[in-house]
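Reader: I have the model open. Take me through the labels, and tell me what each one rests on.

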Amino acid sequence: MRWGMAIELKRCVGCYECVLACKAEHFLPPDIFWNRVLIGESGKYPAVTKLIYTVRCNHCADPACVKVCPTGATEQREDGIVWVDEDKCVGCRYCMVACPYQMRSMYDDGKAQYFPGQELTEHEKMGRELYPHALGVVQKCVFCKERIDSGMALGLTPGVDREATPACVINCPTKAIHFGDLDDPNSEINRVIKERHGHPFHPEFDTDPSIHYVD
Amino acid sequence: MIQMKPYEFMVKYTQQKDWIDGRGNFIAFAFFLGGISGGLYMAAAYFDNLLGMFVAWLLALAMGLSYMIHLSKPLRFWRMFMKPGTSWIARGFIFIMLFIGLTTIQLILSQWVPGATTAITVFMVLAGIFAFAQSIYTGFAVSYVSAIKIWNSAIVPVLFVTCGLTGGLAILLAIMMAGDHAQLIALENIIRVVLIALAIIIGVYLWNTTYSSTAAKDAVKRLIGGSLAPLFWIGVFLFGIVIPIVISITTYFVGEVSSGLLTTAIVSEIIGGLALRFAILKAGVYTPLLPAE
């Protein structure tokens, strides 16, 4: 089993809903992003193409971050999900330096709040109880592994059942993001990748990403 | 420092900041201290200078301290021994600890049991091996990062070792200045050769890196003609190469120069070594994920 995503670039409108869904799901503090929307342009007027890519940790099969971590805090599960054990991380930031996609964040400002000078919002207060983030350790997208694990325990299928699927996927208003098992030849995600010639983002980085993009 | 708008992140060349901003400064400093500590120990062992070896030991302790300050969870430092199989930081941490341990034993033996020559030699050789390892691993830790093209060069470890050696030799020169004149001349001869080697290695590194990728070319441009030019030309080129080489060549032709001039060369060389580590770490940029225009 290897979890992965297929993202349809033509469907993505750059609405940032995936970013907000992730922020809300994990109660992410200000300035911490587990996913981002990159917007660029290619070509010259009048033949200009706007490029919109929703990006997050690629959960690479050959991840640079796992190799460089001196403590073993960055681990890869059998299902391919790369995550950080916050009890083991020493905060050396080698993984952040080594990631060619720059999809890791260091949470080192515990006082940061969304509305400085005012009280914490109810959402922030709730987040500090439900999803406390350890200070001084590295964070990243975990493919909502807690949703996957609890969903599978209930017999649900990630990528098919909403409760077992990552927040960014289920909240995408244009259904541009597909989630599923890359090792299952009959999965929806594999069908999309095969039929639409999916390709990983910057394969020259040589890390074998689990996220594929289709035009 | 490159000023970027949030929406330019990884759409333009994005500078690495994790190992240069805030606490990140301390890892650059640790790399510098590790280099000169290793270089000084090797040079001091060659000249059998006990004070030099002791200063190298102190510098290795300072390196460890700088490392600790860099970590945001320093009390978990022991976990850094866990993955020497793939992580250069873990390997380096082991090298530092072994170097400190072996040097401690060797210094104790040399000071209080000078008759135990075999044991002293064994520990000196072992400590020398780990002094070299401690010096070169900083280069491997940097060059292993394939995401940053200016770092991802086989020349970086050689550059860091040579730079560490020049710094170590400079400190040894300061220690030996009032000592035996024949040894001082031998040391100055070594310094001349190593300084010229360093200048050549820096030149080859920059030239070679320029052709490795567009990101590396952009980084080199930034180093020699952009925002990092003052650090490179004044810190690395002037202090690290020109001043020490001019003084070193002067000593060759004039014979004996004033201790003030030698002190200038020593301080200048140390500043140059520090500037080199900062310049290379600051020059690291990531290849953009999207074309910006």
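## Chain B

Reader: What percentage of the contacts in chain B between residues at least 6 apart in sequence join residues at least 24 apart?

Author: In chain B, 73% of those contacts join residues at least 24 apart. Contact means that two C-beta atoms, placed from the backbone, lie within 7 Å. Note that this is a predicted model: local features need pLDDT of at least 70, side-chain atom pairs count only at pLDDT 80 or more, and totals for chains, interfaces and linings use all residues. Residues are numbered from 1 along each chain as its sequence is written, and chains are lettered from A and ligands numbered from 1 in the order in which they are written.

Reader: How do you know whether the radius of gyration of chain B agrees with a compact globule?

Author: Use the globule rule, 2.2 Å times the number of residues to the power 0.38, with the radius taken over C-alpha atoms. For 293 residues it gives a value near 19 Å. Chain B has 20 Å, so the two agree. The C-alpha atoms fill a box of roughly 70 × 50 × 25 Å along the principal axes.

Reader: What makes up the pattern of chain B along the sequence?

Author: It reads β-α-α-α-α-α-α-α-α-α-β. That is nine helices and two strands. Both are DSSP runs numbered from the N terminus: H or I of at least four residues for helices, E of at least two for strands.

Reader: How do you know whether the length of α3(B) agrees with its 25 residues?

Author: The expected span is 1.5 Å times one less than the number of residues. For α3(B) that comes to 36 Å. Its end C-alpha atoms are 36 Å apart, so the length agrees.

Reader: Which residues of α3(B) are buried, and what covers them?

Author: Among them are Trp88(B), Phe93(B), Phe95(B), Phe99(B) and Gln106(B). The cover includes α3 (94–98) of chain A, together with α1, α2 and α4 of chain B.

Reader: How many residues of chain B are in contact with chain A?

Author: 32 residues of chain B meet 34 residues of chain A. Helix α3 (residues 88–112) of chain B gives the most to that side, with three residues.

## Chain A

Reader: Why does Arg104(A) count as buried or exposed?

Author: Count the other C-beta atoms within 10 Å: 20 or more is buried, 12 or fewer exposed, in between partly exposed, with C-beta atoms placed from the backbone. Arg104(A) has 23, so it is buried. It lies in strand β6 (residues 104–107) of chain A. Beyond four places in sequence, its contacts include Cys65(A), Cys95(A) and Cys99(A). Overall, 44% of the 215 residues in chain A are buried.

Reader: What makes β8 and β9 of chain A edge strands?

Author: Each pairs on one side only. Pairing takes at least two DSSP bridges between two strands. The open sheet has the order β8-β1-β10-β9 in chain A, with mixed pairing. Inside that order, four bridges join β1 (residues 3–8) to β10 (residues 211–214), and these two strands of chain A run parallel. Helix α7 (residues 188–195) of chain A packs on the sheet and touches β1, β8 and β10.

Reader: How do you know whether chain A agrees with a compact globule?

Author: With 215 residues, the rule gives a radius of gyration near 17 Å. Chain A has 18 Å, so it agrees. Its C-alpha atoms fill a box of roughly 50 × 45 × 35 Å along the principal axes. Chain A holds seven helices and 10 strands.

Terms used: Axes fitted to C-alpha atoms, helices over the stretch in contact; angles between N-to-C directions.
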